[in-house]
Amino acid sequence: MKLSDEIRAQLVEAAQEARRWAYAPYSNYAVGAALLTSSGKVYDGANVENAAYPTTMCAERVAVFKAVSEGERDFAAIAVVTANGGTPCGSCRQVLAEFGVETVVIIADISGRVVMESRVAELLPGAFLPSDLARE
Ligand code: THU
């Protein structure tokens, strides 16, 4: 799906807003995400850390799990905002791939500047997909 400049800007702004809710007392690396469904809804997310460090959940997966747990499975795009324009981790790429490798991924920094725009297919080439579980 080709994103309009307006939709892109709205998604980045929603991710910037969501970043305010990051619970990141250990890393101090706040992340905000905003996921656009094909039906036009936006689900946001922020990273939620834990004293038992590996229990932490990334902002992107919070957004995806919120959406999927409310019946949404078709995603057009996700915007991710961090202080320095960092990219989604491997686990988040895998979770996004589950629901479609065509999903557009917009990476922006704290000022809202888009530093990269890509698709899940490019961020996770050769992803293990639901089709790989097809029985012979
Ligand atoms: N983090 C995310 O929220 N998304 C990513 O894709 C990368 C990492 C969070 C997890 C942790 O709370 C902090 O950033 C530092 O790793």
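Student: Is helix 2 largely enclosed or largely open, judging by how many of its residues are buried?
Tutor: In this predicted model, the buried residues of helix 2 are A59, E60, R61, V62, A63, V64 and A67. That is seven of its ten residues, so the rest of the structure leaves helix 2 largely enclosed.

Student: Which elements cover the buried residues of helix 2?
Tutor: The buried set runs from A59 to V64 and also takes in A67. The cover over these residues includes strand 1, strand 2 (42–46), strand 3 and helix 3.

Student: Which residues of helix 3 are buried, and what covers them?
Tutor: C92 counts as buried because its relative accessibility is 1%, below the 20% cut-off. With C92, the buried residues of helix 3 are R93, V95, L96 and A97. Their cover includes helix 2, strand 3 and helix 4.

Student: What residue follows helix 3, and what is its phi?
Tutor: Helix 3 spans residues 90–98. The residue named after this helix is G100, with a positive phi near 140°.

Student: Which residues touch the most other members of the largest nonpolar core?
Tutor: In soluble globular proteins, nonpolar side chains tend to be buried together. Here the largest nonpolar core has 20 residues. Those touching the most other members are L35, V64, I78 and V105.

Student: Which element supplies the largest share of this core?
Tutor: At least two core residues come from each of strand 1 (32–37), helix 2 (59–68), strand 3 (75–81), helix 3 (90–98), strand 4 and helix 4 (120–123). The largest share is four residues, and its source is helix 2.

Student: Which residues named in the second core can be listed, and how many residues does that core hold?
Tutor: The second core is separate from the largest one. Its members include L11, A79, V81 and V104. The number of residues in this core is 14.

Student: Where does L35 lie, is L35 buried or exposed, and which residues is L35 in contact with?
Tutor: L35 is found in strand 1. Its relative accessibility is 0%, so L35 counts as buried. Apart from neighbours within four places in sequence, its contacts are L11, K41, V42, Y43, A63, V64, A67, F75, A77 and I78.

Student: What distance separates the C-alpha atoms of L35 and K66?
Tutor: L35 and K66 are 31 residues apart along the chain. In space, their C-alpha atoms are separated by 9.7 Å.

Student: Where does V104 lie, is V104 buried or exposed, and how far is V104 from A121 in space?
Tutor: V104 lies in strand 4, residues 104–108. A relative accessibility of 7% means that V104 counts as buried. V104 and A121 are 17 residues apart in sequence, and their C-alpha to C-alpha distance is 9.1 Å.

Student: Is R8 buried or exposed, and which residues does R8 touch?
Tutor: R8 is found in helix 1, residues 5–19. Its relative accessible area is 15%, so R8 is buried. Not counting residues up to four places away in sequence, R8 touches K2, L3, I106, V114 and E117.

Student: How many disulfides does the structure hold?
Tutor: A disulfide requires two cysteine sulfur atoms within 2.5 Å. For C58, the nearest cysteine sulfur is that of C92, 3.8 Å away, and C58 is in no disulfide. For C92, the nearest is that of C89, 3.7 Å away, and C92 is in no disulfide either. The number of disulfides in the structure is zero.

Student: How much of the ligand does the protein bury?
Tutor: The residues around the ligand are S27, Y29, V31, N47, E49, T56, C58, A59, E60, P88 and C89. Side-chain polar atoms of N47 and E49 lie 2.9 Å and 2.5 Å, respectively, from an oxygen atom of the ligand, while a backbone N or O atom of A59 lies 3.0 Å from an oxygen atom of the ligand. Taken alone the ligand exposes 370 Å², and the share of that buried by the protein is 79%.

Student: What is the phi of N28, and is N28 buried or exposed?
Tutor: N28 lies in the loop between helix 1 and strand 1. Most residues other than glycine have a negative phi. The phi of N28 is positive, near 55°. At 66% relative accessibility, N28 counts as exposed.

Notes
Residues are numbered from 1 along each chain as its sequence is written. This is a predicted model: local features need pLDDT of at least 70, side-chain atom pairs count only at pLDDT 80 or more; totals for chains, interfaces and linings use all residues. Side-chain values use heavy atoms; hydrogens and water are left out. Buried means under 20% relative accessible area, exposed over 50%, partly exposed in between (1.4 Å probe, protein chains only). A nonpolar core is a set of buried Ala, Val, Leu, Ile, Met, Phe, Trp, Tyr and Cys residues joined through side-chain atoms within 4.5 Å. Contact means heavy atoms within 4.5 Å. A residue is near a molecule or strand if one of its heavy atoms lies within 4 Å of it. A polar contact is a pair of N or O atoms within 3.5 Å; within protein, one must be able to donate a hydrogen and the other to accept it, and residues adjacent in sequence count only if both atoms are side-chain atoms. Accessible areas come from the Shrake-Rupley method with a 1.4 Å probe; for residues, only the protein chains shown count as cover.
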